[in-house]
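Dear colleague,

I am passing on the structure below, and I would be glad if you looked through it before reading my notes on what was found.

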Amino acid sequence: MVSSIANLLDKAVAGERLSPDDGLALLESHDLAALGRAADRVTRRLHPENYRTYNIDRNINYTNVCSAVCDFCAFFRRPRHAEGYVLDRQTILSKVQETVDLGGDQILMQGGMNPDLRIEWYEDLLRDLKGHFPQVNLHAFSPPEIHALAKLEKLPVRTVLERLKAAGLGSLPGGGAEILVDRVRREITRGKVLTDDWLEVMRIWHQMGGRSSATMMFGHVETLAERIEHLDRLRQLQDETGGFTAFICWTFQPDHTDMAHIPPAGSFEYLRTQAVARVYLDNIPNIQSSWVTQGLKIGQIALTFGANDMGSLMIEENVVAQAGTVHQLTLTQIHGAIAELGYIPRQRNVFYELIDEPPPSRGALPPAPAMVY
Ligand code: SF4
């Protein structure tokens, strides 16, 4: 068994595609060190540069009102609930201004699926934000929100995306994917987009020339095979469109949710899954560390388990905070975590273009680990 894991990892390091059975065998492996070494080799092949990246943005949750019910979500409020909110325009503009003042170039805007907000509200918001901050990328509205808006308006998804793009939408976040297997989705969500429709929103956006991220929230009711199925669906769509810029995965945060009885997955599971994702998703160029859920120490180690990016210095994160787990880092901490691994920290935008001044040359990459299993 050990040699077959070694063979699979050699295959991935050499750039050969893994099958779903291969991926499952790796996810069942307990040799975390071997998985990490192989994922790191793949990362270095894809990213031979002497830097690792991060982004500065702000997560604005414009409304917490949601027509869906997700058992893992501690953030949403049902329509007409006393604690439901929609942020007013001035509050949103102020948050963007603060982000720009802190060197941010992007806003991640996501909310619940609020049945009182019509497409004109979104168009007006996007136009207003672009009018005030033309340089800021609006990374907004994950597939569940787009799908729900299309249903509410009785419009094709393409029309909704075209109208939002014309109003200033820059890129789509990959939220609301959880596990892209309908058995899992039906068990933990109600009234939310199913797998094919989630992928279809992304497919159309990519066909329009748009870019998006892809995500996975794991460690709840899914099997390991379903985790691989999720990765496989993303890989298939990426073969078709090439529109995913990055993948990020994190462990389900159970506190204050209706699934609080499920024991949280730990760091071993997080690192193992991310390492397997890196070797399996051979066509998605970037993997982001999830320090928001894992903390600085594991978030940093994740950069040696397949991630090439520290993700975002998020100025605000309500959804994870509601579930009780939120880690906050300063820019100095992100720089320090990257530099300690021997890399130069560089700021990027959502399209993974470097947007900071290049620092003075600091030599070559740290040496790669030997492939010994
Ligand atoms: S995860 Fe999103 S779709 Fe589900 S209840 Fe929360 S806000 Fe609504």
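To follow the first point, it helps to know that axes are lines fitted to C-alpha atoms, for helices over the stretch in contact, and that angles run from 0 to 180 degrees between N-to-C directions. Please also keep in mind that this is a predicted model.

With that in hand, the axes of helix α6 (residues 143–153) and helix α9 (residues 195–207) come within 9 Å and cross at roughly 95°. Angles of 65 to 115 degrees count as roughly perpendicular, and α6 and α9 are therefore described as roughly perpendicular to each other. On the α6 side the contact is made by Pro 143, Pro 144, Ile 146 and His 147, while α9 brings Asp 197, Trp 198, Val 201 and Met 202. Sorted by class, these residues give 6 nonpolar, 1 polar and 1 charged.

A second pair is helix α3 (residues 32–46) and helix α11 (residues 267–280), whose axes come within 9 Å and cross at roughly 40°, so that α3 and α11 are oblique to each other. The crossing of α3 and α11 is left-handed. Among the residues that make the contact are Leu 35, Ala 39 and Val 42 of α3, together with Leu 271, Ala 275 and Arg 278 of α11. The contact of α3 with α11 has 11 nonpolar, 2 polar and 2 charged residues.

Finally, there is the ligand, which is surrounded by Cys 66, Ala 68, Cys 70, Phe 72, Cys 73, Phe 76, Gly 112 and Lys 192. This shell around the ligand divides into 6 nonpolar residues, 1 polar and 1 charged.

Best wishes

Key
Residues are numbered from 1 along each chain as its sequence is written. This is a predicted model: local features need pLDDT of at least 70, side-chain atom pairs count only at pLDDT 80 or more; totals for chains, interfaces and linings use all residues. Side-chain values use heavy atoms; hydrogens and water are left out. A residue is near a molecule or strand if one of its heavy atoms lies within 4 Å of it. Ala, Val, Leu, Ile, Met, Phe, Trp, Tyr, Cys and Pro count as nonpolar, Asp, Glu, Lys and Arg as charged, and the others, Gly among them, as polar. Helices (H or I, at least four residues) and strands (E, at least two) are DSSP runs, numbered from the N terminus. Angles under 35 degrees count as roughly parallel, over 145 as roughly antiparallel, 65 to 115 as roughly perpendicular and the rest as oblique. Contact means heavy atoms within 4.5 Å. A crossing is left-handed if the near helix is turned anticlockwise from the far one by less than a right angle, and right-handed if clockwise.
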